[in-house]
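Q: Please take a close look at one part of this model and then work outward from it. Pairing, burial and side-chain contacts are the points of interest.

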Amino acid sequence: ITRDWEINDTAVVRPDVISQPVIVNNTVYVVGSSGNVTAVDAATGSVVWTERMFADGGNDAYLAVHNGTGYAANRSEVAAFDPRDGSVDRRYDDLAEGYVTDVTVADGRVLFGTRNPGVAYALAQFVGAFSTAFSYLSGPISSQLEQADRIDEALSVQRTIARWLAI
């Protein structure tokens, strides 16, 4: 295995890269413990942009990019950003005092969980604001699979309640 490139710039990714890299359209996105999200050209290793996403640092940070919008989460909030330049479009920070455990996007929703307390969230993703589709309290969330199971369970509960209200 040979190394194609590396970024070792304190202002960009140091002291630590703490998110799993996300690669979309030949661009690699990472979060540093400083709270910066950085976009890197996957072919050359050149920094495309770096933006301060979180004032309280990037500890426990997660990333997702879907349909032209990036989502970054740290312990206390989820931010939607433009993957072309890093500009933040909206934030969600009503997290029941828990720490975000991951973030993913599916079926038009931004999905994530928190620990302490364990809550699964689904946010409708639309330009200008987030809308809470539901939150569901059910103990600690330790993996994406467990999180998805809880969100499916919560959606089922939400559909049942909607049917009851329609009667």
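A: Two strands pair if DSSP finds at least two bridges between them, and strands themselves are DSSP runs (E, at least two residues) numbered from the N terminus. The model is predicted, with local features requiring pLDDT of at least 70 and side-chain atom pairs pLDDT 80 or more, while totals for chains, interfaces and linings use all residues. Residues are numbered from 1 along each chain as its sequence is written, and side-chain values use heavy atoms, leaving out hydrogens and water.

The part chosen here is strand β7 (78-81). On one side, β7 pairs with β6 in the antiparallel sense, over 4 bridges. Within that pairing, Ala73 has Val78 of β7 as its bridge partner. The two strands make a hairpin, and 4 residues separate them. β7 also runs antiparallel to β8, to which 4 bridges join it. Here Val78 again takes part, standing opposite Tyr92 of β8. The hairpin of β7 and β8 has 6 residues between its strands, and in it Gly86 adopts a positive phi near 85°.

β7 is covered on both faces: Val78 and Ala80 on one side, Ala79 and Phe81 on the other, are all buried. Buried stands for under 20% relative accessible area, exposed for over 50%, and partly exposed for what lies in between (1.4 Å probe, protein chains only). In a regular strand, side chains alternate between the two faces of the sheet.

Nonpolar cores come next. A nonpolar core is a set of buried Ala, Val, Leu, Ile, Met, Phe, Trp, Tyr and Cys residues joined through side-chain atoms within 4.5 Å. The largest has 15 residues, and those with the most contacts inside it are Tyr71, Tyr92, Leu95, Val103, Val110, Phe112 and Tyr121. At least two residues of this core come from each of β6, β7, β9 (99-106), β10 (109-115) and β11 (119-126). Another core, of 14 residues, lies apart from it and includes Trp49, Leu63, Ala72 and Ala79. Ala79 of β7 thus appears in this other core, although β7 also supplies residues to the largest one.

Phe81 leads on to the aromatic contacts. Rings of Phe, Tyr and Trp (its six-membered ring) pair if their centres lie within 6.5 Å; planes under 30 degrees apart are stacked, over 60 edge-to-face, the rest tilted. The structure holds 6 such pairs. In one of them, Phe81 meets Tyr29 in a tilted arrangement, 6.4 Å from centre to centre with 55° between the planes. Because Tyr29 lies in strand β2 and Phe81 in strand β7, the pair ties together parts 52 residues apart in sequence. Both partners are buried: Tyr29 has a relative accessibility of 4%, and Phe81 one of 2%. The rings of Phe112 and Tyr121 form a stacked pair, since their centres are 4.9 Å apart and their planes stand at 10°. Phe112 and Tyr121 are likewise buried. Tyr29, Trp49 and Phe81 belong to one aromatic cluster.

Tyr29 also opens the view onto a sheet. Its bridge partner in β3 is Ala39. Strand β2 (residues 27-31) runs antiparallel to β3 (residues 36-41), with 5 bridges joining them. They belong to an open sheet of 4 strands in the order β1-β2-β3-β4, paired antiparallel. β1 (22-24) and β4 (47-52) are the edge strands; each has a single partner, so one side of each is left without a neighbour in the sheet.

Charged contacts complete the picture. A salt bridge is a side-chain nitrogen of Lys or Arg within 4 Å of a carboxyl oxygen of Asp or Glu, and the count is 3. Arg91 pairs with Glu77, their closest N and O atoms being 3.1 Å apart. Arg91 lies in strand β8 (residues 88-92) and Glu77 in the loop between β6 (69-73) and β7, which puts them 14 residues apart. Glu77 is buried at 13% relative accessible area, whereas Arg91 is partly exposed at 40%. Asp82 and Arg84 meet in a salt bridge at 2.6 Å, N to O. Asp82 is buried, at 17%, while Arg84 is exposed, at 69%. Asp89 and Arg90 form a salt bridge at 2.1 Å, N to O. Here Arg90 is buried, at 8%, and Asp89 is partly exposed, at 38%.
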